[in-house]
Amino acid sequence: MKKLLRIAKISGLSLLGLVVVILLLPVLFPNAFASQIKRWASQHITGELRFDKARLSFFNHFPSLTLTLYDYSLTGAAPFAQDTLIAGKELAFGIDLGSVLSSTIRVDKFFIDQSQFNIQVAENGEANYNIYKNTDTATSSQPADSSSARLKIEGIYISNSRLLYHDRSLPMIIRADGLRYNGEADFANSVFDLVSEIEADSVDFVYDGTAYVERKQLKAELITGINTSSLAFSFQKNDILINQLPVDFTGSMTILDEGYDIDLAVVSGITDFGNVFSALPPAYNSWFANTRFSGQSQLTLDMKGSYRAASGQQPDLHMHLWVKDGLIQHKGAPAPLKDFFAGVDFRMPSLNTDSMVLQVDSLRFNLNGDATYLRMRSEGLTAPLLKGSLRSQLNLALLKAAMGLNGYDLKGQLSMNANTDGRFDGKRRQFAPTTASVVLSNGLIKTPYYPAGLENLQINSQLNASGGTYSGITIQVQPIAFSFDGQPFEARAQLRNLDDLQYDIDANGHLNLTNLYKLFAVDGYSISGLLKLAVNLHGKQSDATAGRYLQLKNSGTVACENVQLRSRDYPLPFVIPSGVL
């Protein structure tokens with residue numbers, strides 16, 4: 001019995017001693033711990049670490065003993081040395097209890113709360129996160145200190161934070177709000193596996209000025225192999241959910257002084273067709289919730305190669321999308337867009353737009369018995385080589401209803417047919433052999449930007465280009481007619497030989513340019529005024545430029561009132577207060 005009482009006393013005293021240690025450590029040693037952390041930072045990182053106060057506690061992240069820096073900031077590396085790399089409310093260092101009474105404090109965890117990460121990469125690949133000093137440099141430039149801190153990180157935990165990653169070398173921007181991250185690994189080793197869990201309330205992905213992902217929820221479970229000696233990353237398991245779209249990626253990436261090597265494969269997995277649309281920007285959330293989908297789809301993306309800023313070397317990009325048995329039907333639509341099938345392949349070797357290839361093996365769908373079918377292949381951008389065909393019959397009112405184009409009103413029966421095979425090169429006056437026709441009857445186009453629309457719209461136009469030159473082009477418009485704001489307009493035209501334009505044009509009607517611009521709202525331009533036409537024009541470009549005016553048969557009247565054309569490219573508008581020709 002006495003032995004049991006003795007054991008109980010010893011246990012009780014030990015427990016009491018532990019409680020006393022837990023309570024006294026934060027009181028006795030906070031400044032000592034903080035000074036060691038600051039000393040370590042000055043010796044090993046180039047950025048400047050600042051904070052208002054420090055607190056030592058077992059309870060902030062129990063059971064870890066943590067030194068928490070409040071209202072802290074850390075600057076980055078050149079060329080962004082004056083900018084903040086990370087700043088926020090709390091930065092906590094988890095301290096190894098076994099090192100508390102030793103001369104070297106071991107930090108094994110980071111806890112980051114309510115902070116902002118500002119990661120910047122210059123066009124030459126220099127990044128502000130490269131703040132860790134070379135060990136030899138730090139050792140030689142700083143005197144030895146027996147009382148310091150040492151990192152042996154086993155976990156990084158981020159909560160309620162924001163991230164901005166701006167890489168000008170790609171160029172790419174990633175933003176994340178409401179970021180939560182748990183990462184665990186033996187960071188003390190030069191080679192280790194990082195197991196991560198990531199969640200974000202809102203993620204943006206912008207590449208070359210275009211937003212591909214905007215304000216999307218993100219959940220991810222990742223396993224990443226990391227070699228800190230060579231800055232090599234191996235993506236082993238990466239299960240990601242962007243809203244309802246599952247994505248997986250594998251591969252590797254090695255960061256070098258002059259750039260990086262990458263071999264990355266991203267696969268959405270075979271998923272419901274509707275899940276692809278769940279990744280659309282938030283403006284489409286209401287549309288998505290009220291639209292029925294069926295079918296299957298898959299999206300893949302590969303990037304492989306090397307990026308070298310000095311030489312201009314860049315990796316290859318490849319994307320592929322397929323959709324099978326797709327269906328789209330907005331709420332209340334009388335007929336769905338169904339039998340949707342797509343096979344789209346896109347390649348851009350060395351991220352060079354003049355080497356890119358877009359191939360649509362097939363894109364087809366059916367709308368109330370009317371079919372649309374497209375096949376095409378395009379190579380290059382500046383002078384593209386294009387081969388393709390289009391066949392389409394569309395009831396625009398049914399299309400608008402099936403797609404749920406709220407704010408827009410479309411009507412009319414549209415018929416389109418086109419075939420092309422050749423190169424389009426304006427500098428060399430090359431025009432691919434092409435035949436095309438567009439016929440629209442009883443049409444209506446109304447947009448959310450203006451209360452009135454183009455009514456009674458009739459279009460009957462044909463393009464015939466033979467020989468692969470501008471001289472073989474013939475364009476016929478018989479006619480284009482519509483009523484806008486109660487004013488009718490009609491034009492008929494025949495244009496031949498764009499090297500020496502032969503024209504035969506009849507145009508009659510009123511065009512309110514102010515309201516017409518509002519209807520289509522072309523960004524970057526503004527046009528206003530009133531144009532009245534009653535003309536018959538017949539002649540040849542060469543006669544006009546050579547001064548053979550008697551060969552021209554132009555008659556009629558062109559009147560304009562308060563015409564103004566503004567462009568973002570010019571500071572002042574082009575103005576015609578009034579005129580009659």
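Biologist: What makes up the secondary structure of the protein chain, in helices and strands?

Modeller: This predicted model has 8 helices and 28 strands.

Biologist: How do you know how far to trust the protein chain, going by pLDDT?

Modeller: The average pLDDT is 84. A score of at least 70 is reached by 88% of the residues.

Biologist: Which residues have pLDDT under 50?

Modeller: Residues 12-25 stay under 50, and so do residues 136-147. The model still gives 12-25 9 contacts beyond four places in sequence, and 136-147 12 such contacts. Where pLDDT is low, predicted coordinates should not be read in detail.

Biologist: Why is D71 called partly exposed?

Modeller: Its relative accessible area is 45%. Buried means under 20% and exposed means over 50%. D71 falls in between, so it is partly exposed. D71 sits in strand β3 and has a positive phi of about 50 degrees, although it is not a glycine.

Biologist: Why is N456 called exposed?

Modeller: N456 has a relative accessible area of 55%. The cut-off for exposed is over 50%, so N456 counts as exposed. N456 belongs to strand β22. Its phi is also positive, near 50 degrees, in a residue other than glycine.

Biologist: How much of the protein chain counts as buried?

Modeller: Of its 581 residues, 38%.

Biologist: Which residues touch the most other members of the largest nonpolar core?

Modeller: L69 and I240, in a core of 64 residues. Strand β5, residues 104-121, gives the most to this core, with 6 residues. A second, separate core has 34 residues, among them W287, F365, L414 and F489.

Biologist: What does I240 touch, not counting residues up to four places away in sequence?

Modeller: L218, K219, A220, L222, L245, P246, V247 and F249.

Biologist: What makes the lining of the second largest pocket nonpolar, polar or charged?

Modeller: The lining divides into 8 nonpolar residues, 3 polar and no charged. This pocket has a volume of about 330 Å³. It is lined by 11 residues, and Y284, W287, M403, G404 and L405 are the closest to its centre. Tyr, Trp, Met and Leu count as nonpolar and Gly as polar, so G404 is one of the polar residues.

Biologist: Where are the cis peptide bonds at P79 and P479?

Modeller: One joins A78 and P79, with omega about 5 degrees. P79 is in the loop between β3 and β4. The bond from Q478 to P479 is also cis, with omega near -5 degrees. P479 lies in strand β23.

Note on methods. Residues are numbered from 1 along each chain as its sequence is written. This is a predicted model: local features need pLDDT of at least 70, side-chain atom pairs count only at pLDDT 80 or more; totals for chains, interfaces and linings use all residues. Side-chain values use heavy atoms; hydrogens and water are left out. On a 1 Å grid over the protein atoms alone, a cavity is a set of points where a 1.4 Å probe fits but cannot get out, and a pocket is an open set with protein on both sides within 12 Å along at least five of seven lines; lining residues have an atom within 4 Å of a point. Grid points are joined across faces, edges and corners, and a volume is the space filled by probe spheres set on the points. pLDDT is the predictor's confidence in each residue, from 0 to 100. Contact means heavy atoms within 4.5 Å. A nonpolar core is a set of buried Ala, Val, Leu, Ile, Met, Phe, Trp, Tyr and Cys residues joined through side-chain atoms within 4.5 Å. Buried means under 20% relative accessible area, exposed over 50%, partly exposed in between (1.4 Å probe, protein chains only). Helices (H or I, at least four residues) and strands (E, at least two) are DSSP runs, numbered from the N terminus.
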